[in-house]
Amino acid sequence: MTEDIDRALDGVGLRLRELRKQRETTLAELSAETGISVSTLSRLESGARRPTLEQLLPLARAHNVTLDELVDAPPTGDPRVHMRPITRHGMQMLPLTRRVGGIQAFKIVLPPKSGRTEPNPQTHEGYEWLYVLNGRLRFILGKHDLILEPGEAAEFDTREPHWFGAVGDEPVEFLSLFGKQGERAHFRARPRNG
């Protein structure tokens, strides 16, 4: 039992850093939100300090995750996945993966006529693959201005200026696989022989 607790607590720092970066929050902003000093937050994220329950509770609340998700608690046998949506830049993102690092999966919903009607292409490190489920997605990538319909997919290097927006009066829903370190998604169309 102690080994499980040690393993869970050892990974908290990396998860804290990833959650803060996903929210695009600074240590100072998180400190103001939680009442935990910047230096303590920094030591928690680096793994130089183990968190206490009094620190984990406000951090879980600030990052909008459960305490189990924050400490990566061992499974209890309950098969349900409790993901919480994140709203950022006018889009709602539902994380479909819980592990920190590697390729992350999201379901993204863009409302019609959101604040995203004027394209404002952005760049960041990584590689992304997306698949449109419902609605029509306006996708700008560099000099390309495309409309993707349900069932269409795209993949791109996120260092290329890009932007997404809903087309028309209905929301658009799409799946996104994103690798922060530029990992590409690899798919096999059929099983390998022998």
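How many bridges join E3 to E9, and in which sense do the two strands run? I looked this up at the start, keeping in mind that the model is predicted, and found that 8 bridges join E3 to E9, with the two strands running antiparallel. For a single pair I checked Leu-110, whose bridge partner in E9 is Val-172.

**Confidence and overall make-up.** I noted that the chain averages a pLDDT of 82 and that 78% of the residues score at least 70. Among the elements, helix H1 (residues 2-10) has the lowest mean pLDDT, at 68, while strand E6 (residues 144-148) has the highest, at 95. I reminded myself that predicted coordinates should not be read in detail where pLDDT is low. I listed 6 helices and 9 strands for the chain, and of its 194 residues 35% count as buried. Of the contacts with a separation of 6 or more, 59% are between residues 24 or more positions apart.

**The sheets.** Following E3 and E9 outwards, I traced an open sheet of 6 strands in the order E1-E2-E3-E9-E4-E7, with antiparallel pairing. Strand E1 (86-88) and E7 stand at the edges with a single partner strand each, so one side of each is left without a neighbour in the sheet. The twist in this sheet averages 25 degrees from one strand to the next.

I then turned to an open sheet of 3 strands, which has the order E6-E5-E8 and is also paired in the antiparallel sense. Here E6 and strand E8 (162-166) are the edge strands, and because each has a single partner strand, one side of each lacks a neighbour in the sheet. The twist averages 20 degrees from one strand to the next. E5 and E8 pair over 5 bridges, and I recorded Trp-163 in E8 as the bridge partner of Ile-140.

**The cores.** Which residues touch the most other members of the largest nonpolar core? In this core of 16 residues they are Leu-110, Leu-130, Leu-137, Phe-164 and Phe-174. The elements giving two or more residues to this core are strands E2 (91-95), E3 (103-110), E4 (127-134), E5 (137-141), E7 (153-157) and E9 (172-179). Apart from this core lies another, of 15 residues, including Val-12, Leu-30, Leu-56 and Ala-60. Going back to Phe-174 and leaving aside its neighbours within four places in sequence, I found contacts that include Phe-106, Ile-108, Leu-110, Leu-130, Val-132, Leu-137 and Phe-164.

**The helices.** In helix H2 (residues 12-22) I marked Val-12, Gly-13, Arg-15, Leu-16, Glu-18, Leu-19 and Arg-20 as the buried residues, and just after H2 I noted that Glu-24 takes a positive phi of about 55 degrees.

In helix H3 (residues 27-34) the buried residues are Leu-27, Leu-30, Ser-31 and Thr-34. They cover an arc of only 105 degrees around the axis, so they lie on the same side of H3. Their cover includes H2, H4 and helix H5 (53-63). Just after H3, Gly-35 takes a positive phi of about 80 degrees.

Is Glu-45, in helix H4 (residues 38-46), buried or exposed? I entered Glu-45 as buried, because its relative accessible area is 5%, which is under the 20% cut-off. Not counting residues up to four places away in sequence, Glu-45 touches Gly-13, Leu-14, Leu-16, Arg-17, Arg-20 and Leu-27.

Methods: Residues numbered from 1 in each chain as written. Predicted model: local features only at pLDDT ≥ 70, side-chain atom pairs only at ≥ 80, totals over all residues. Heavy atoms only, no water. Core = buried A, V, L, I, M, F, W, Y, C linked by side-chain atoms within 4.5 Å. Buried < 20%, exposed > 50% of the residue type's maximum accessible area, 1.4 Å probe, protein only. Helix = DSSP H or I, 4+ residues; strand = E, 2+ residues; numbered from the N terminus. Contact = heavy atoms within 4.5 Å. Pairing = 2+ DSSP bridges. Axes fitted to C-alpha atoms, helices over the stretch in contact; angles between N-to-C directions. Arc of directions from axis to C-beta. pLDDT = per-residue confidence, 0-100.
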